Amino acid sequence: MDTDSAELVRLTLLEGGASPQLVASLIPSRPLEEGEQYRFHFDMTKCIGCRSCEVACNEQNGNPADIKWRRVGELEGGVYPQVSRTYLSMGCNHCISADCLKGCPVDAYKKDPLTGIVMHSADACIGCQYCVWNCPYSVPQFNPERGVVGKCDMCRERLIDNREPACANACPENAIQIEIVNKIAWTEDYSLAESPGMPAAGQTISTTRITLPQSSTAATAWLERVDTGAIALEHAHSSLVVMTTAMQASFGLLCGLALVRNLDAVSLLLLLLVTAAALNVSVFHLGRPAYAWRALKMWRRSWLSREVLCFTLFFGFVTAATLCAWTPLLPWHLQLQRLVAPLAWAAIASGVAGTYASASIYLVKARPSWNMVHTPLDFFLSSALVGIPLLSVLARPALIITAFLHRHGFEVARPHFTLYPRLLALTAGVWILNQMVRVARLRASAIFEHRASFHHLRGEQLWWCVALSWICALQAVLFLFAPLHWMALLSLLAATAAVLLNRYLFFVSVVPLSMGLTFIRDRGTHGRAAA
Amino acid sequence: MSFIAKKNTATQRANATSEERIALAKPTLLQRITRWLGLDNKSSLYRYAHDPRFGYISESRVADKWTKTTCGYCSVGCGMLVGTKDGKPVAARGNPDHPVNLGKLCPKGLSEHLIVEAPGRAKQPMLRRNGRTSPLEPVSWDEALDVMVSRIGSIQQEHGRESLGVISTGQLLTEEFYTLGKLVQLGFRTSNYDGNTTLCMASAVSGYKLSFGSDGPPGAYADMESADVVLLIGANIADNHPILCNRLRKRPGQLLIVVDPRVTKTAMMADMHLPVKPRSDIALINGIAHILLRDGLIDRSYLAHHADGLDDFISFVADYTPEAVSKTTGLSVAVLESVASLYGHAKSAFIGWTMGVNHSTQGAMTVAAINNLSLLTGNIGRPGGAPFSITGQCNAMGSREASFTSSLPGYRKFESEEDRNQLAALWNVAPNDLPTRRGFAYPDIVEASVRGEVKALWIIATNPVVSFPNHNLLKQAFDSAEFIVVQDGFYPTPTMEYADLVLPAAIWGEKEGTYTNSERRVSKVNAFAVPPGEARADFDIFVAIAERLGVRDRIYPGWTSTHDAWLEWQRVSAGRMCDYSGFTWQQVEDAGGIQWGGERLYRDGIFPRANGRALLHCVPCIPFAEQPDAEFNFILNTGRTVEHWHTRTKTGQVKLLDAMVPNAWLEMNPIDAERLSLRQHDRITVTSRRASVPDVELRITGIVAPGQVFMPFHFAEHNSNLVTLGDFDPISREPNYKQCAVRIERTSWN
């Protein structure tokens, strides 16, 4: 029962008696020349939507059932019976100007000089998922089992062995082929990469050529995505919600301490604790926290690297300033207090840069509702919104610790604190205004993904979070106006809640650019969307 | 139903989501910590390697042995290679040498190796000791079979032999169908035995018998390639037989015409789609015949030599003028004229059909009407010309030929004394041991159980709770049956809710024998795995039961394996139309399957009717029974999708397929949705006169006509057969799944 033929030829079709022309049409028969690369050709007129390619891809790569490097989507248009439903089958588009690659903080991607294939290294990857946000086609997918991202590599090793990729092999209609493309010529005219249901090809210069049905009928002229009625909420990235909020709080606090000339040892120590906590939380966003340090690598290119670099510097300066502030108590009579202020201002400078880099991470074209001026505005305003009440709240522990130290004969500077309700009122007002303008702009936008984000925000799952977040911001102000000093703590809690909720909404309500998917599908665990 | 809530958890990495894989690993504390820190990215589990046959691939899919076999899903009958490593299945590939599929498989086939070790396999016999309310408890095989034989025996003693009803399947090996037939008819001695094939292709069988005197699809897949015109009626092959699609659109100039009220994937492939009104296909066919006769586009010499009934037919179709047919079908006169002319002028014309035709109270007669067209134009028995039933299950054909249900083995007739004598002689039994008439067909067994005539049921490899129409009636039947045995490869299935005894069976991949596909191609099926737990091959179960009934030596003399059944079946089928005697198992395997009867039947124009001539039938077009009205204002159509197989006992176990299409949906035209103020993804309730199916996801789409809705029948969770009509073809006894009246209401907003 074991098969007797010793060797099955490279193309499964060949043995069945298919013509050599057909075989040659699946993969190129000549080697690549200078300036050329491989690309996919997808023939929509041949595809019958059987989804064999999806299964074959998962089998080829041993992937879990929930991760599909090749996906099939549906497009539909027309009026019964002049109606058309066609299919998209897409792996990676192996773009000429790949955004996944540009954003990667650890240089895990490379555009293969031999084949032009955009390759990803699971060993270099730290699982930050920035490529997932950057790709307009949602091609890279995070695998929680591995803690790293993975993606279609056009079955590079098979191609090098002169074998067709798994998807092309499996397609019963020969709708998927590998072709050679001249990169310069394609960059000048990539119109054949465009298709209904696909984001505009120009952003990254997708190399996949798509043969569309001739729009001879009304139906094919209006082919549209069918998956837009129920877009699932995105992942909440809770560690990023906490980390960004906490980093912004510590940055805001430091600014406050510096502005009210309160850079005493105890306050700085408390600030240092907040910062350390924030940075520790941040690494747990990564699939591989132990390799967080690698993220420094690509600071010349990646905003994520820059964020890590700036916040590392921020932490370093805060640590140094704190140590300097404590030197009078140390036995060696190092009188370094005068360095505290310059170090604090250096920390503030890196904090400004870090917060800006942090916001810039989210200014990606593939995530339109993040890619707005409201994102950096929000990050800076949130720093103030949490920083101001935090400044007041720290008074109590700082005074207690100082008193304790004094009692034991340690002379440290005495912090002085006041409440700044008017400043907080102004900040909260601008903060809420920024959100409101953002929501209004999302609603009125011509971009589908913006409007879809708006629908998420006003949908039954999220609208109350939006309301609660704004109410919390107002409440923070009211608490700070209260005559009771301990109410500052409630103000801090309310402000923190406002920022956390708002950040949660920021993450879950974004609607990424993506290829059109199928109407019925497993929409994951993030829940159903607002229509 | 409690089984629905039960979520099977993965038992194998290959068939698991990423979260399930993490859970499957059962990591130690140290591994947890290294995983948590990301020190281990599991690269050893995601390595690639070079498979000597198939090249660079995930190391987890590299096999040390490849076994040739035939796919166990649909009747296309694709040749496969299943790779095993250390005896465990790791990969499924199309067999590039197999003439049916040339190395290609659909997504179900490509993932079929995952079925064998799926979590929901039946592993031990289970018995309810104290009635249906008590739980199923594991028992030994000895006890299980003793209980089965003694309970059925005492019921038969009290209520007569015919009080046992047996409902089988299209999933077993031909050798097993042959074995089972003898056991039921000669061991249990009940003729109330039928297969679930009556739910799918009985109309084709009956229609062939009406026109040609015998069952047997006359054509071959090759005819789909070589025909000038391919006319598909009620056949959505792109979803249901996807590997047949590559036979089409291959030859330049070939014209594909698809007749379907819904704009299916197959209709999208067509050069011409004819969006007929539901159940107006007979009018369309008669209308084409009318034009062919009017314009002289018929093969007069073929008709003169090989067909009866032309005169009656001519006067009958005189009424089916293009104008009248246009009114019935909703197609324009110009379209009708053009289709008839294209069909009539074609050098060769192929008509394929599936459930759109068969699932009807007029299914058998519709098939006869299709046969009329082929006879009129002489498109039968020659390349490219055939009236061709594309069957459903992997071995529905084996069951038709060998199983002793709708006919005696080898297409012999119950009613024919000559046939009975011949068979009795072959078996060395007395002729009066053989039944002289067919017993109850599947729906009649169900109705007989409601009436109390059938008291014991033995259900083999089928899942009527999801697949039988009008579920309420079936429930009554099951509730009134005294003893129900369910034999299946999976546990639990929805039908096992009603089982008193569960027998765990081996499935595809664990048994050796043959399947016969739609084009009569007998293909070899091989084992590459052993059944899980105590599960046994159906053949072994049948033999063990025969042993207990004391008939083993009489009906299975000296048999030890399915090959013994094959050898006897060869002798029994020798000289019959479905003659299996000309080839051995090995020859079948080496050739990638061999078609009994050659590439096509009736090459000489001699038909197995008494006078050797086929018969033209006058087939009136009668509107379907349950027309929409003010209260139930939609026509419900049901069907399938490519990712799933029948009631999902198998594909529901394959995580990848299940995640692709995890739930049922209802398709509705935008005009109706607007009228009912429904929105995409709303949850709706489908209600018929019989029952309701709540919470179905709504898909508003132009691929269904206004006034019609469509729903897949795969899902126990949203069971379309709660609402379908329990109305059956008087000839074939096939249910009318395709049309019933329903209303649609919102369950909840999206």
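This report describes the interface between chain A and chain B, and then the internal cavities, of a predicted model.

**Interface of chain A and chain B**

In the predicted model, 78 residues of chain A touch 91 residues of chain B. The size of an interface is often given as the accessible area lost when the parts come together. For chain A and chain B, the buried area is about 7,100 Å², with carbon and sulfur atoms giving 52% of that figure.

Seven salt bridges are counted between chain A and chain B. One of these pairs Glu173(A) with Arg249(B), whose closest N and O atoms are 3.4 Å apart. In addition, 37 residue pairs are in polar contact across the interface, both residues being at pLDDT 80 or more.

On the side of chain A that touches chain B, the elements giving two or more residues include the helices H1 (12–15), H3 (52–61), H6 (156–160) and H7 (166–170), together with the strands S2 (71–79) and S3 (82–90). H3(A) gives the largest share, eight residues.

**Cavities**

The whole structure holds 15 cavities of 30 Å³ or more. The largest cavity has about 570 Å³ of space. Its lining consists of 35 residues, and those closest to the centre are Gln171(B), Asn196(B), Gln393(B), Ala461(B) and His646(B).

**Residue classes**

The table gives the make-up of the two sets of residues by class.

| Set of residues | Nonpolar | Polar | Charged |
|---|---|---|---|
| Side of chain A that touches chain B | 33 residues | 19 residues | 26 residues |
| Lining of the largest cavity | 15 residues | 15 residues | five residues |

Note on methods: Residues are numbered from 1 along each chain as its sequence is written. Chains are lettered from A and ligands numbered from 1 in the order in which they are written. This is a predicted model: local features need pLDDT of at least 70, side-chain atom pairs count only at pLDDT 80 or more; totals for chains, interfaces and linings use all residues. Side-chain values use heavy atoms; hydrogens and water are left out. Contact means heavy atoms within 4.5 Å. Buried area is the accessible area (1.4 Å probe) that two parts lose on being put together, summed over both. A salt bridge is a side-chain nitrogen of Lys or Arg within 4 Å of a carboxyl oxygen of Asp or Glu. A polar contact is a pair of N or O atoms within 3.5 Å; within protein, one must be able to donate a hydrogen and the other to accept it, and residues adjacent in sequence count only if both atoms are side-chain atoms. Helices (H or I, at least four residues) and strands (E, at least two) are DSSP runs, numbered from the N terminus. Ala, Val, Leu, Ile, Met, Phe, Trp, Tyr, Cys and Pro count as nonpolar, Asp, Glu, Lys and Arg as charged, and the others, Gly among them, as polar. On a 1 Å grid over the protein atoms alone, a cavity is a set of points where a 1.4 Å probe fits but cannot get out, and a pocket is an open set with protein on both sides within 12 Å along at least five of seven lines; lining residues have an atom within 4 Å of a point. Grid points are joined across faces, edges and corners, and a volume is the space filled by probe spheres set on the points.
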